[in-house]
Amino acid sequence: MNTTQSKDGTTLAYDVYGSGPALIYLTGASCYRSFKPVVHDAKVLATSFTVYNYDRRGRGDSGNMLPYSLEREIEDIEAMIDVAGGTAYLYGHSSGAVLALEAALRLGGKVRKVTMYDASYVHDEKEKVEYHQLSQTVH
């Protein structure tokens with residue numbers, strides 16, 4: 001296990017697999033880096049990339065500075081990109097897909113490309129309220 005620190009001092013735990021261009025793996029909200037399906041996917045991606053598979057804040061071996069905010073998650077992604085050499089591809093699943101897209105919008109040239117799977121976006125106000133309430137119980 002490797003660690004780095006985000007801008008706010010949160011320790012982020014990560015593993016590295018493979019070789020090739022850097023790719024940051026962003027799990028969904030209920031996952032962590034050593035979850036069997038995540039490890040499997042990271043190792044498959046590692047056949048073409050150097051995969052940085054990290055525990056998002058508050059999960060697995062990573063720390064969690066409160067209060068939660070999207071901005072802190074983006075800072076975490078930036079810290080991982082910096083560990084990976086300053087630029088990286090992002091692969092995100094579920095809420096990790098949403099974070100990957102947000103990071104690409106906010107971090108500009110540090111993000112080479114984004115692959116999103118099962119992004120958890122909602123389209124109407126009722127669902128937005130429900131998702132917000134759910135996210136408050138998770139964090």
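**Exercise 1. A salt bridge inside the fold**

Glu73 forms a salt bridge with Arg56, and the closest N and O atoms are 2.8 Å apart. The model is predicted. Task: find where Glu73 and Arg56 sit in the chain, then decide whether Glu73 is buried or exposed and whether Arg56 is buried or exposed.

Solution.
- Step 1. Place the partners. Glu73 is in helix H2, while Arg56 is in the loop between E4 and H2.
- Step 2. Take the separation. The two are 17 residues apart, and the pair links distant parts of the chain.
- Step 3. Recall the cut-off. Buried means under 20% relative accessible area.
- Step 4. Apply it to Glu73. Its relative accessible area is 0%, so Glu73 is buried.
- Step 5. Apply it to Arg56. The value is 2%, so Arg56 counts as buried.

**Exercise 2. Two further bridges from H2**

Task: state which residue meets Glu71 in a salt bridge and which meets Asp82. Then classify the accessibility of each residue in the two pairs.

Solution.
- Step 1. Glu71 meets Arg106, side chain to side chain, at 3.5 Å from N to O.
- Step 2. Arg106 lies in helix H3 and Glu71 in helix H2, 35 residues apart in the chain.
- Step 3. Arg106 has a relative accessible area of 40%, so it is partly exposed. Glu71, at 37%, is also partly exposed.
- Step 4. Asp82 meets Lys110 at 2.7 Å, N to O.
- Step 5. Asp82 belongs to helix H2, and Lys110 to the loop between H3 and strand E6 (111-117). They are 28 residues apart.
- Step 6. Asp82 counts as partly exposed because its relative accessibility is 41%. Lys110, at 22%, counts as partly exposed too.
- Step 7. Add the network. Asp15, Arg33, Asp55 and Asp61 are joined into one by salt bridges that share partners. In total, the structure holds 11 salt bridges.

**Exercise 3. Checking helix H2**

Task: test the length of H2 against its expected span. Then list which of its residues are buried and examine Glu75.

Solution.
- Step 1. H2 covers residues 70-83.
- Step 2. The helix has 14 residues, and at 1.5 Å a residue it should span 20 Å.
- Step 3. Compare with the model. The end C-alpha atoms are 20 Å apart, so the two values agree.
- Step 4. List the buried residues of H2: Glu73, Ile74, Glu75, Asp76, Ile77, Ala79, Met80 and Ile81.
- Step 5. Look at Glu75. Its relative accessibility is 15%, so it counts as buried.
- Step 6. Find its partners. Beyond neighbours within four places in sequence, Glu75 is in contact with Ser6, Lys7 and Asp8.
- Step 7. Look past the helix end. Gly85 follows H2 and has a positive phi, near 115°.

**Exercise 4. Strand E4 and its partners**

Task: decide how many residues of E4 are buried. Then give the sense in which E4 pairs with E2 and with E3.

Solution.
- Step 1. E4 spans residues 50-54, and 5 of its 5 residues are buried.
- Step 2. Sort them by face. Thr50, Tyr52 and Tyr54 are on one side, Val51 and Asn53 on the other, and both faces are covered.
- Step 3. Pair E4 with E2 (residues 11-17). The sense is antiparallel, over 4 bridges. Tyr17 stands opposite Val51.
- Step 4. Pair E4 with E3 (residues 22-26). The sense is parallel, over 4 bridges. Ala22 stands opposite Thr50.
- Step 5. Follow the chain from E3 to E4. The path goes through helix H1 (residues 36-45), and this β-α-β crossover is right-handed.

**Exercise 5. The nonpolar cores**

Task: state which residues of the largest nonpolar core touch the most other members. Then find which element gives the largest share.

Solution.
- Step 1. Start from the general tendency. In soluble globular proteins, nonpolar side chains tend to be buried together.
- Step 2. The largest core has 20 residues, and Ile24, Ile77, Ile81 and Leu90 touch the most other members.
- Step 3. Name the suppliers. E2, E3, E4, H2, strand E5 (88-93) and helix H3 (95-107) each give at least two residues.
- Step 4. Pick the main one. H2 gives the largest share, 5 residues.
- Step 5. Inspect Leu90. Apart from residues up to four places away in sequence, its contacts include Ile24, Leu26, Ile77, Ile81, Ala100 and Ala103.
- Step 6. Note the second core. It is separate, has 11 residues, and includes Val38, Val39, Ala46 and Val51.

Note on methods:
Residues are numbered from 1 along each chain as its sequence is written. This is a predicted model: local features need pLDDT of at least 70, side-chain atom pairs count only at pLDDT 80 or more; totals for chains, interfaces and linings use all residues. Side-chain values use heavy atoms; hydrogens and water are left out. Buried means under 20% relative accessible area, exposed over 50%, partly exposed in between (1.4 Å probe, protein chains only). Two strands pair if DSSP finds at least two bridges between them. A crossover is right-handed if, with the strands pointing away from the viewer, the path from the first strand over the helix to the second runs clockwise. Contact means heavy atoms within 4.5 Å. The expected span of a helix is 1.5 Å times one less than its number of residues. A nonpolar core is a set of buried Ala, Val, Leu, Ile, Met, Phe, Trp, Tyr and Cys residues joined through side-chain atoms within 4.5 Å. A salt bridge is a side-chain nitrogen of Lys or Arg within 4 Å of a carboxyl oxygen of Asp or Glu.
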